Every structure is written in C-alpha cells, then in structure tokens.
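Reader: Please take me through a single sheet of this protein, strand by strand. I would also like to know how far the model can be trusted.

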Amino acid sequence: MNQELIINAEEQEVKIALLEEGKLLELHRDVLNKKFSVGDIYFGIVKKILYGLNAAIIDIGHSKGAFLHYDDIGFQIDQMLNLISSNHINNNQKESNNFENQENKNSINHILYIGQKILVQISKEPISNKGPKLTTKICIPGRNLILIPFSEKISISKKIKNIKEKNRLISYIRKIIPNKFGMIIRTAADNEIEKVLNEELIFLMKKWKKTLNNLMKLFPPVRVLSENNKTYCLLRDIFNDHFKSICCNNDFLCQEIHSYLSLIAPKKTSIIKYYKGNVPIFEKYGIEKQIQVFLGKNVPLENGAYLIIEHTEALHVIDVNSGMINHMMKNCTESERSNNILKINLLAATEIARQLRLRDMGGIIVVDFIDMYNSIQKKKLYEHLKEEMKNDRAKHQILPPNKFGLVQFTRHRVRPELKKINVNNKQYQNSPKNYIHHLEFVIETIIRNKNHKGIQLHIHSFVSAFLKKGFPSIQQKWLLKYKKWIKIIPRDSFRYTEYQIIDKNHEILLSSFYFH
C-alpha cells in the first residue's frame, strides 16, 4: 500500500493531496493567514448565554460568534477560570466566585456569565453560515503524545494491542509528566524509545508555557496559540512506513518538511523531492483529472456503474446506480444476477468510503445500495463497508442495512466539505473536459482490468470529431499512453453523452450515459 503526499504551493494557499496506489484519497487546502483553524487556542469573552440550548456564544473575533455547548465544558473548567482570574483583573464581582463550591453545575449559566474571560479551543471550523464550534477541553497534540492541561488522567490508544508495551508507555509517562497535566499516548508511540517521548513532552510543555505567556500579555478576543500549518499536521497525524514519496513544488517548503521529518522519522528524509517541472504538479501526478472526475455529483465506478451524491446542510444521500449493467444482465440466471449485484455494491462501498474522506462529508449519510434479498450478502456488504471505513480518522458510526436496504451512518466533520468549486475556484459542472476525463477513466479501467483487444468506442458524431481533431489528437494520445488503438465509431442515433464500448467480438463491454 504505497502512499504519496503531493504538495502544490501557490501564492495564497497550499493544496495537499494524499495518494494511495496513485488514487486520490484525501485533498486538503491550507489557506495562508487563515484566521480560524481546528486546534487553535483563543482567549475569548462570553457574549451570550443560550439557556434553551444550554450553551454560550463566545466572542473570539469571528463575525458570527463561536458556539460552546455545556457538554464541551470539561471538569477542569474551575482550574482554568481560576488561572485566568489570577492573571487578569475583572471588575465584574462574579469573577471572585468560588466555582468549586457551587452546588448546581448542570446548566451552563451556573458556570459562565456574560463578560467572563475564558480559554477555548476550536473543535470545528466555521461552516456555511455557522461560526466555529469550541471546547474548553484544551489539548496540545504532538506526534506521539497529546498534552492535556488541567487534568491528571493518562490514556493510551486502543490500537496499541501489546499489553507489555502499554504498561511500559504508561509507566514511563507517569514518571516524567508534571503535576496537574494529563496525557494521551498516541498509536505512533508504539515501540518508541523513551528519549523521543521525553523530548516531545518538553516540546509540548514549551507550547503550553507560550500559551500562558500570551494569556497574561494579551486581551481578549485574541488567538494565544496557533496550530501548525496543514502540511505539518498531516505529517504528524498520518505519516508512516507506507509513505514512499513526498513531492512539493516549493523549495522553501521542502526544506521545512525535511527539518520536521528529520525529527519524527530521520530515516525517511530521502523520500522528499523538489518538483521543478514545467507541467503543474497536480497535472503531472494526475490529481487535477481525478478532481474533475471524482468530485462531481456523479462518480463513475470501474464496472460502468456510478454513484449519485446529493448534498444538503446536514444530510447526504448516495444512490448506487447500476447504469446499463441491469440491461446486460437480463439473460443471466438469478444466482448470477445476485452475485453481480453484490460485486457492484462491494465496489460502490469501497468508493463511498473514499468519497467520504476525499470530500470530508459529515452529518447523516444515507446510502441506497442496489437491492439485495440474500441476508448473507447483506451482512457481507455491511462488514466490507466497516472494513473500508477503518482507516477513516473521523469519528463515525455505521448501522446495518434496514428493511428498505438503506445503510445509514454518521460521520464527524470539522472543516467545510470539499467540492470542485471550492478546490478550483471555478465551476466544472457539465464541462466537456469533464466528460472526456470520464471517458478516459472508463477506457483505462477496461484496459487495465480486462485487457481486451480491438476496443471500439461508439459515440455521438460531434464527440467523435472532437476526439479525432488535431495533432496529436486525443485518440492518438490514448494510443501513446495505453499502447492500444481505440477505434472511434461515430453514431448519429446516440445522444450527446451516450456511449458504448465494444470489443472485437462485438461484445458490449459497457453501455452507459454520462450525467454530471
């Protein structure tokens, strides 16, 4: 499972693509000088108490105001507020209250009041017309450890299975961690040497002390600690032995990545490459084409089926459509038909898991798979979907198919959903270029998976003329790229986006329409 990180540094933002076996898995945007990012710590002021929602609106400098729910206030709130009151003079007499002696703390108005200063961390970026979501459960993440001020609890990743290793890590952390600090030991700490853990703890403590210094010097609303840029965060959270290449088109950023990687994985610094080519880096690695093919309303699957993805504010509906495959299976036996439907659904489940990560879709997701009546096949599909979702770092919960054949699950999203219009700042919907990329994807899949000879593409006359136009034409480029001549047959009876792919035995390999 080879993974690559391709970084396209532009004037105003940095785009980061995570590829797995050449396929786009995640796409991130790091807008330079962005004011609100997940992980940033702010010194804010309570602006409003929402009694009905048991929540508060905190002024951290955002036009909409940030949202803090009662459930996101940790048990360490008293220590935090006492720390703030000792460092800041507040004329409001409520500041001198002893929070520990209050009997009723089930409501946020018994903990906070309007005008109170508070330390908060962004847990969810501003999305649509909503402001940031906050928590007072402050944490400072590193690669191996997460430092938690105002806590004394030590936790360890469930992914570390070895009991002896768990005990070693917990025992060592208890020796070195200062009083009134908690710690989460991350999966990356598995089998890590004690010297590295100690150095990381010192580094995290320095970040916390910097936060406290800013807290004493600055007046709210203000940011007191900024999260590292997106490139560092990704390397910190996902870097592993599967990474074979990190390619960037900015020399300065390459040097910074080299410095960071020399700290967390010094043996892997050789995989960093500075891209100097004339062709844009995303085009060179085929990322631009994948963005255009896979981030639209219709997402093609390798066997001619496709997904239709519809979005609302909090609900996403995904329909698995078999395309023209149902028509091609009309002479199959019931058993063959059932197995073919299962194959389509399994392929769709794999693509859906990728789409959720790629777009960072959140909220409630409902998937309408092709109907299956065999309970064993339904269970197989459910288990396959859970397996494909294992590598998704976002919190999620998947329910088994209901009596209508729908699969429902929830996924936690912390950033605005990624769409083509967000990525490219222009609209690709219904683009002829998009259609050509779709055709190339389908042809490439057939060549790679089935190795058919004498492939013919039957398509509308106008599209046929476009594919044959110029030198080198698109048809000739396909020959150079795939070492196969794709014969293009114009068909006046076809609709503009209708096509058929036929082999030399006149067997229809794929018959479909393209809707985007």
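Author: What follows is a description of one sheet, the helix on it, and the confidence of the model. The model is predicted: local features need pLDDT of at least 70, side-chain atom pairs count only at pLDDT 80 or more, and totals for chains, interfaces and linings use all residues. Residues are numbered from 1 along each chain as its sequence is written, and side-chain values use heavy atoms, with hydrogens and water left out.

The sheet is open and has 5 strands in the order E3-E2-E1-E14-E15, with mixed pairing. Strands (E, at least two residues) and helices (H or I, at least four) are DSSP runs numbered from the N terminus, and two strands pair if DSSP finds at least two bridges between them. Strand E3 (23-31) and strand E15 (272-274) are the edges; each has a single partner strand, so one side of each lacks a neighbour in the sheet. On average, neighbouring strands are turned by 15° against each other, direction ignored; axes are lines fitted to C-alpha atoms, for helices over the stretch in contact, and angles run from 0 to 180 degrees between N-to-C directions.

Within the sheet, strand E1 (residues 3-9) pairs with strand E2 (residues 13-20) in the antiparallel sense over 7 bridges. Glu4 has Leu19 in E2 as its bridge partner. Helix H5 (residues 251-264) packs on the sheet and touches E1, E2, strand E14 (243-248) and E15, its direction making about 170° with that of E15. Contact here means heavy atoms within 4.5 Å.

As for confidence, pLDDT is the predictor's confidence in each residue, from 0 to 100. Its mean over the protein is 83, and 88% of the residues reach 70 or more.
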